[in-house]
Amino acid sequence: MRLVIQCIADYEDAFRKALGAKRTTEARKELSAKKRTLQKSENRLAELDRLVKRIYEDMVNGKLSEARFQMLSDDYEQEQEDLSPTHKLQDPNLPNQENHVESVDTFIRLAKKHLYLEKLTPEVLNDMVKAVYVHAPDKSSGHRVQDVDISYNHIGILPANLLYDIMNGKAA
């Protein structure tokens with residue numbers, strides 16, 4: 001626990017990079033740009049639907065030839081197909097990215113709250129730890145070895161070597 005808190009205190013930017021999160025301001029700018037692009041795509045798709053209905057009505061009323069209708073219709077349908085993959089790909093990723101950035105930020109705030117941890121108290125455990133997994137003991141080497149994994153609130157289980165890599169400047 002102290003190692004995690006110390007790692008965050010000394011190497012916050014490297015910790016964020018290792019977890020794949022950017023600074024809140026950078027991430028919010030990036031996410032808002034993606035949201036704007038998504039909103040433009042949604043607006044254009046709705047506009048294309050209206051245009052297709054309008055040219056169909058114009059063709060039925062005789063204001064537009066069938067050949068002209070077919071040409072316009074094909075163009076609109078092609079544009080809709082081009083916009084749809086963008087629309088579908090971006091939609092599910094946005095909430096996950098927002099949640100991940102907020103989760104890492106929340107965890108960092110909690111760790112900084114307990115920066116000078118001297119004693120493990122129930123308050124600290126409730127703030128920082130989601131679960132502790134104690135694995136079955138292994139006696140195959142002649143010594144009893146038992147692994148313990150700590151799942152932290154908001155970020156999950158941190159591999160021990162990740163923290164050492166961050167502290168040694170090896171983590172991306």
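The strands of the chain form an open sheet of 3 strands in the order β1-β2-β3, with antiparallel pairing. The edge strands of this sheet are β1 and β3, each of which pairs on one side only. The model described here is predicted, and the chain has an average pLDDT of 81, with 84% of the residues scoring at least 70. Confidence is not uniform along the chain: the lowest mean, 76, belongs to α4, whereas the highest, 90, belongs to β1. In total, the secondary structure comprises 6 helices and 3 strands, and the order of the elements from the N terminus is α-α-α-α-α-β-β-β-α. Of the 172 residues in the chain, 29% are buried.

Within the sheet, strand β1, which spans residues 129-134, pairs with β2 in the antiparallel sense over 5 bridges, and in this pairing V132 stands opposite I150 of β2. The antiparallel strands β2 and β3 are joined by 2 bridges, with Y152 standing opposite G156 in β3. Strands β2 and β3 also form a hairpin with 3 residues between them. The loop of this hairpin, between β2 (148-152) and β3 (156-157), contains H154, a residue other than glycine whose phi is nevertheless positive, near 75 degrees. For comparison, most residues other than glycine have a negative phi. With a relative accessibility of 42%, H154 counts as partly exposed. The loop between β2 and β3 also holds N153, which in contrast counts as buried, at 17% relative accessibility.

A nonpolar patch on the surface is formed by V132, V134 and V148, which together have about 260 Å² of accessible area. Of these residues, V148 is located in strand β2 and is partly exposed, because its relative accessibility of 46% falls between the limits of 20% for buried and 50% for exposed residues.

Contacts of D127 connect the hairpin loop with the helical part of the chain. D127 lies in helix α5, which covers residues 122-128, and D127 is buried, with a relative accessible area of 18%. The side chain of D127 makes a polar contact with the side chain of H114, at 2.9 Å, while the backbone oxygen of D127 lies 3.0 Å from a polar atom in the side chain of N153. D127 therefore has a side-chain partner in H114 and a backbone partner in N153, and D127 itself is counted as buried because its 18% is under the cut-off of 20%.

Salt bridges provide further links, and the count for the model comes to 7. One of them joins the side chains of E12 and K112, with an N to O distance of 2.6 Å. Because E12 lies in helix α2 (residues 12-18) and K112 in helix α4, this pair ties together parts that are 100 residues apart in sequence. The two partners differ in their exposure: E12 is buried, with a relative accessible area of 13%, whereas K112 is partly exposed, at 41%. Both residues also belong to a network of salt bridges that links E12, R16, D105 and K112.

A second salt bridge is formed between E79 and R44, whose closest N and O atoms are 2.6 Å apart. This pair links distant parts of the chain, since E79 is in helix α4 and R44 is in helix α3 (residues 24-60), 35 residues apart. Here both partners are partly exposed, E79 with a relative accessible area of 27% and R44 with one of 24%. In another salt bridge, between K113 and E123, the closest N and O atoms are 3.9 Å apart. K113 lies in helix α4 and E123 in helix α5, so that this pair ties together parts that are 10 residues apart in sequence. E123 is partly exposed, with a relative accessible area of 46%.

Helix α4, spanning residues 66-113, also contains S73. This residue, S73, is buried, with a relative accessible area of 5%. The C-alpha atoms of S73 and L51 are separated by 8.9 Å, although the two residues are 22 residues apart along the chain.

Technical notes:
Residues numbered from 1 in each chain as written. Predicted model: local features only at pLDDT ≥ 70, side-chain atom pairs only at ≥ 80, totals over all residues. Heavy atoms only, no water. Helix = DSSP H or I, 4+ residues; strand = E, 2+ residues; numbered from the N terminus. Buried < 20%, exposed > 50% of the residue type's maximum accessible area, 1.4 Å probe, protein only. Pairing = 2+ DSSP bridges. Patch = residues over 30% accessible without salt bridge, like charges linked within 9 Å, V, L, I, M, F, W, Y side chains within 5 Å. Areas by Shrake-Rupley, 256 points an atom, 1.4 Å probe, with all protein chains shown as cover. Salt bridge = Lys/Arg side-chain N within 4 Å of Asp/Glu carboxyl O. pLDDT = per-residue confidence, 0-100. Polar contact = N/O pair within 3.5 Å; in protein donor to acceptor, adjacent residues only side chain to side chain.
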